[in-house]
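Here is a short briefing on one protein chain. Read it beside the sequence and the model.

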Amino acid sequence: LLSGRGTVGSSNMENDVSFKFRQQLFLISENLVTEDVAALKFLCMDLLHLSKLEGVKSAADIFKLLMAQEYLNAEDTFLLAELLYRIKCHSLLEKLGYTKEKVQERLHEKGRVSPYRQMLYELSENITDEMLKEIIFLLQNHLPKRWITPSALDLMTLLEKQGLLTKDNVQILENVCKTVSPDLLETIDCYKKAKGEKFGLGVVFSKLLHRSWYMRKDLFCEIPSWRPYVHSSTTAVYPLNSPSCLFFAMTRDIEGASCFISFFFAFLQVISSYKMDGPHRGFCLIINNVNFNSSRRNGSCKDAEQLKRVFTWLGLDVRTYTDLKSGDIINLMQSWQRVPDHKDRNCFICCILSHGKSGAIYGTDDKLVSIRTLTTHFTAKQCPQLAAKPKLFFIQACQGNSIQRPVYVDTDGPTPDLFSVQERVSLSESIPEEADFLLGMATVDGCVSFRHPEEGTWYIQALCSKLQLLVPRGEDILSILTQVNEDVAKRVSPSGTKKQMPQPAYTLRRKFIFPIPTAPPPS
């Protein structure tokens, strides 16, 4: 009884928090005018899919999209605070518990709006109606006939859609600004200068690491053979071929210094990661077993579709195979083992959606295939083209059958009365002993995993969601899988008694970090 009261009380508290949060968002939305909504849409273009943003009519619509993509929730409202700060609605920050100064202090750590997007927005704010008319006249050959441009932001959005304006190419803006108002070039020059210096620092750091120098705790960095010239009131930059040293000090410009330090450690992370910058990311196989002799895995197609969208977005060449018997699965692994194109790829990923038991998955003929049998096809000896490259396997299947199938949630394993329980296999025995493998299991050994007949499995849906959320933040795969564990662990079956915990095993030697896609995450 006490437990029941506690659950009800906790539920009521969560409902209260949710209501207060939505009330905050409503009040903020009511205080934003049409121009503010347009500005928010523009600043969110790198975070939300353009097709979704085009249907936005109010600030509340944007907030819903941000919450759906897990950018905004009651526990973390900083992105909204940043957006309000960017569009200079400082008076609304107090509704989120922020001040202008608090936002400024945390921007270097938690800021999500890219310098490119900031530059374009700042530029639009300085373009008068008269300037806009002149710019449209100069660009009329690039604009659709009879196209009316309501604002500078709409013009920039169109140029981006046409591929004439990108974060790496702002030449078209420079050309028109030079003619219409040279003063506007200052904003563009600042962006280019900062962008160029950031990439230039890569050379500095590579030399620093090569010479075994390091960033000291007092935030000073010394590099031999560099001579300083004053870049600003807070930093010194050092050309090559001179006997002096580089001193970078964090003085009044806290944000600039912190940005420098953040980039340094990001650089360290890159060099300790697997190479993922080749022209071809790699192949991703999806084996989706739906129809079995005695059952059907409803909801699995939702998983397969979502996996395909996400891994395509991440740059992989995705191939999907449906309803494979045990022998077909082994033959498929043997075929891909011999694919010569692996040598030009950075990695290999295989996702298997099926029924399973301890250490094995089922073919649609209800025959077991050992997971270790599948993974060992891609060892360095068996597949030299993938030697020293990361091989990732994600297995959505039960690893036991002791839990009864609930009414509204299916389990990815056969019912106990139809199949005998086999001896359990340790997860570590399912991956080869050699390096560069990762095995992501939907559940721990001996337990079932859950699948909704319409929404798909808990594990795959959490995996896809966290990849879309955390890859753009530069998180490595193990950090992402930790978040997947947390997500799935919070879920509960409709009966309120069934839980699930995923389990990864790996022999990775470095961090595996997906390059951040240029396109927004798939919807």
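**A buried loop residue**

Thr 77 lies in the loop that links H4 and H5. The model is predicted. At 10% relative accessibility, Thr 77 is classed as buried, because buried means under 20% relative accessible area. Setting aside neighbours within four places in sequence, Thr 77 touches Phe 21, Leu 72, Leu 96 and Tyr 98.

**Overall make-up**

- The protein has 17 helices and 14 strands.
- Of its 523 residues, 46% count as buried.
- Take the contacts between residues at least 6 apart in sequence: 71% of them join residues at least 24 apart.
- The exposed surface of the protein is about 26400 Å². Carbon and sulfur atoms supply 52% of that area.

**Helices H2 and H9**

- H2 spans residues 34-43, and its buried residues are Asp 36, Val 37, Ala 39, Leu 40, Phe 42 and Leu 43.
- Those buried residues of H2 pack against four helices: H4 (59-68), H5 (78-86), H7 (115-125) and H9 (152-161).
- H9 is largely enclosed by the rest of the structure, because eight of its ten residues are buried.
- The buried residues of H9 are Ala 152, Leu 153, Leu 155, Met 156, Thr 157, Leu 158, Leu 159 and Glu 160.
- Which helices help to cover the buried residues of H9? H2, H7, H8 and H10 are among the elements that do so.
- Gly 163 comes just after H9 and has a positive phi of about 75°.

**Helix pair H8 and H10**

- Two packed helices are described by the angle between their axes and the distance between the axes.
- H8 covers residues 129-138 and H10 covers residues 171-180. Their axes are 10 Å apart, and the packing angle is about 125°.
- The two helices H8 and H10 are therefore oblique to each other. An angle counts as oblique when it falls outside the bands under 35, over 145 and 65 to 115 degrees.
- H8 and H10 cross in a right-handed sense.
- On the H8 side, the contact uses Met 131, Glu 134, Ile 135 and Leu 138. On the H10 side, Val 176, Thr 179 and Val 180 meet them.
- By class, this contact of H8 with H10 holds five nonpolar residues, one polar and one charged.

**Helix pair H16 and H17**

- H16 (residues 458-470) and H17 (residues 477-490) have axes that come within 9 Å. The axes cross at roughly 130°.
- H16 and H17 are therefore oblique to each other, and their crossing is right-handed.
- H16 contributes Trp 458, Tyr 459, Ala 462, Leu 463, Lys 466, Leu 467 and Leu 470. Facing them in H17 are Ile 477, Ile 480, Leu 481, Gln 483, Val 484, Asp 487 and Val 488.
- The residues of the H16 and H17 contact divide into eleven nonpolar, one polar and two charged.

**Positive phi outside glycine**

- Most residues other than glycine have a negative phi.
- Lys 88 is not a glycine, yet its phi is positive, at about 65°. Lys 88 sits in the loop between H5 and H6 (100-110).
- Is Lys 88 buried or exposed? Lys 88 counts as exposed, at 58% relative accessibility.
- Asp 366 is another residue other than glycine with a positive phi, near 65°. Asp 366 lies in the loop between strand E7 (360-362) and strand E8 (368-370).
- With a relative accessible area of 23%, Asp 366 is partly exposed.

Notes:
Residues numbered from 1 in each chain as written. Predicted model: local features only at pLDDT ≥ 70, side-chain atom pairs only at ≥ 80, totals over all residues. Heavy atoms only, no water. Axes fitted to C-alpha atoms, helices over the stretch in contact; angles between N-to-C directions. Left-handed = near helix turned anticlockwise from the far one by under 90°. Contact = heavy atoms within 4.5 Å. Nonpolar A, V, L, I, M, F, W, Y, C, P; charged D, E, K, R; others polar. Buried < 20%, exposed > 50% of the residue type's maximum accessible area, 1.4 Å probe, protein only. Areas by Shrake-Rupley, 256 points an atom, 1.4 Å probe, with all protein chains shown as cover.
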